[in-house]
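This briefing sets out the architecture, packing and charge pairing of one protein model. The topics follow in groups after the structure.

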Amino acid sequence: MVASSVASAFSPIASPPPDSGGKTSGKLGGTVPVSVDVRGVKSKSASSGGLKVKASAQAPPKVNGTKVGVMDRFKIEDEVTYAPPPRTFINQLPDWSMLLAAITTIFLAAEKQWMMLESKPKRLDALTDDPFGIGKMVQDGMIFRQNFGIRSYEIGADRTASIETLMNHLQETALNHVKSVGLLGDGFGSTPEMCKKNLIWVVTKMQILVDRYPTWGEVVQVDTWVAASGKNGMRRDWLLRNSQTGEILTRASGVSVMMNKETRRLAKIPDEVRAEIGGYFLDTPPIVEDSDTKLPKLDKDTADIIRSGLTPRWSDLDVNQHVNNVKYINWILESAPSPILETHELASMTLEYRRECLIDSVVESLTSVTGNAADDLASSGYIECQHLVRLESGAEIVKGRTEWRPKNANRSGATTQLPAEIL
């Protein structure tokens, strides 16, 4: 069609004699419009500049399977313009070359990102056998081990992890230990048999020795194990080390007893529960020697600083609906003298828990500085303080003793002989 139109522009085709009418009759009883091209399609007329084409053709005997009359020499004298090729299935498909180019670009970008990740140095905790940080059993299944990376939101003004961060790591490994051996029931560390009898664990004493606080980005390795403590208690020990060098950072020991969840009274360990946990007891001395020194009585008359009106928030409660043990440390430090916090760091802490604290409790924190250190706290060497957190009614919640050393002081490191089972 296009070729014949171009040819006609240089050698026009002689037109046949004009018909007497503008329309030609067909056998269908209708008329064929004069503006029909050789394919039987009505053409569009242009306003100007169109190319005039004269042609004559025989109408096909059938169109779409229907017989039509024969038109002998009908005339086309309308102006026609160039039109795009008819839309078919092929030219309605998308441009596959563009799609292929887009897919190739995506794959190349992904490959580049993967190569950049592979070239970066791997974190220490990513090189361990525990990529998800859940922990694993070691020493013939008697010790639970878990790594923690110190996050930016876990450090304080000294650019080191806070004592609350370390306490949270201790609590997390204790629960994961119970979970890893399949004894975690519907409670905060409670075994299945404990859940049947409405029993929960409550901490009665905690001792912590900090040789060095880890810094941001440092990976610490926490080992924990359990042992018997008297007839109705369980002792849990923790050892925190630098995962790369093995340097001892923190040691801790805690004693727990059972309490009835309904009556809130202490209870003996049932035989069924003892059978569950007895096989995991490790017969070793405590990682922190138990101090038999009795904590002195502290009240408003002997306290140097008192902070009143302290109340727990909903986020301070654990799943047993009483205040989390770590919150008590926050309350103790509320009444610690500011010069000590600015010039010293916490070296050790002993806590004795007397009663639980609930959401509607209002407490006060009392602190007393021992000895002559109270006269010049900033320039003092090692400082010892006594603490008490109690209800405003006077009932004691937790008593404590803390020891503080000057910041950046030379540390002799851990001197306690570690049991052979945990080396």
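Helix H3 is mostly covered, with 13 of its 18 residues buried; buried denotes under 20% relative accessible area, exposed over 50%, and partly exposed the range in between (1.4 Å probe, protein chains only). The model is predicted, so local features need pLDDT of at least 70 and side-chain atom pairs count only at pLDDT 80 or more, whereas totals for chains, interfaces and linings use all residues. Residues are numbered from 1 along each chain as its sequence is written, and side-chain values use heavy atoms, with hydrogens and water left out.

**Helix H3**

- H3 spans residues 163-180 and reaches 26 Å from its first C-alpha to its last, close to the 26 Å expected at 1.5 Å a residue; the expected span is 1.5 Å times one less than the number of residues in the helix.
- Gly182, just after H3, adopts a positive phi of about 80°.

**Overall architecture**

- The protein contains seven helices and 18 strands, where helices (H or I, at least four residues) and strands (E, at least two) are DSSP runs numbered from the N terminus.
- Of its 423 residues, 39% are classed as buried.
- Among contacts between residues at least 6 apart in sequence, 70% join residues at least 24 apart; a contact requires heavy atoms within 4.5 Å.
- The exposed area of the protein is about 24900 Å², of which carbon and sulfur atoms supply 54%; accessible areas come from the Shrake-Rupley method with a 1.4 Å probe, and for residues only the protein chains shown count as cover.

**Nonpolar cores**

- The largest nonpolar core has 44 residues, and those touching the most other members are Ile163, Met167, Trp238, Tyr328, Trp331, Val363 and Ile397.
- Helix H6 (residues 325-334) contributes the largest share of this core, namely six residues.
- A second, separate core of eleven residues includes Met194, Trp201, Met234 and Ile277.
- A nonpolar core is here a set of buried Ala, Val, Leu, Ile, Met, Phe, Trp, Tyr and Cys residues joined through side-chain atoms within 4.5 Å.
- In soluble globular proteins, nonpolar side chains tend to be buried together.

**Cysteines**

- A search of the whole structure finds zero disulfides, a disulfide being a pair of cysteine sulfur atoms within 2.5 Å.
- Cys195 is partly exposed, at 25% relative accessibility, while Cys385 is buried, at 1%.

**Salt bridges**

- The whole structure holds 16 salt bridges, each defined by a side-chain nitrogen of Lys or Arg within 4 Å of a carboxyl oxygen of Asp or Glu.
- Lys205 and Asp290 pair through their side chains in a salt bridge at 2.8 Å, N to O.
- This pair links distant parts of the chain, 85 residues apart: Lys205 belongs to strand S9 (residues 199-210), and Asp290 to the loop between helix H5 (271-277) and strand S14 (305-310).
- Lys205 counts as buried because its relative accessibility is 16%, and Asp290 counts as partly exposed because its value is 49%.
- Lys327 forms a salt bridge with Asp316, with the closest N and O atoms 3.7 Å apart.
- Eleven residues separate these partners, Lys327 lying in helix H6 and Asp316 in the loop between S14 and H6.
- Lys327 is buried at 14% relative accessibility, and Asp316 is buried at 8%.
- Arg354 forms a salt bridge with Glu396, the closest N and O atoms lying 3.3 Å apart.
- Arg354 sits in the loop between strand S15 (344-353) and strand S16 (363-369) and Glu396 in strand S18 (residues 396-406), so the pair ties together parts 42 residues apart in sequence.
- Arg354 is partly exposed, with a relative accessible area of 43%, and Glu396 is partly exposed at 24% relative accessibility.
- Arg145, Asp223 and Arg241 are joined into one network by salt bridges that share partners.

**Positive phi outside glycine**

- Most residues other than glycine have a negative phi.
- Asp140 has a positive phi near 60° and occupies the loop between strand S7 (136-138) and strand S8 (143-149); at 81% relative accessibility, Asp140 is exposed.
- Arg264, likewise not a glycine, has a positive phi of about 60°.
- Arg264 lies in the loop between strand S12 (248-260) and strand S13 (266-267) and is partly exposed at 28% relative accessibility.
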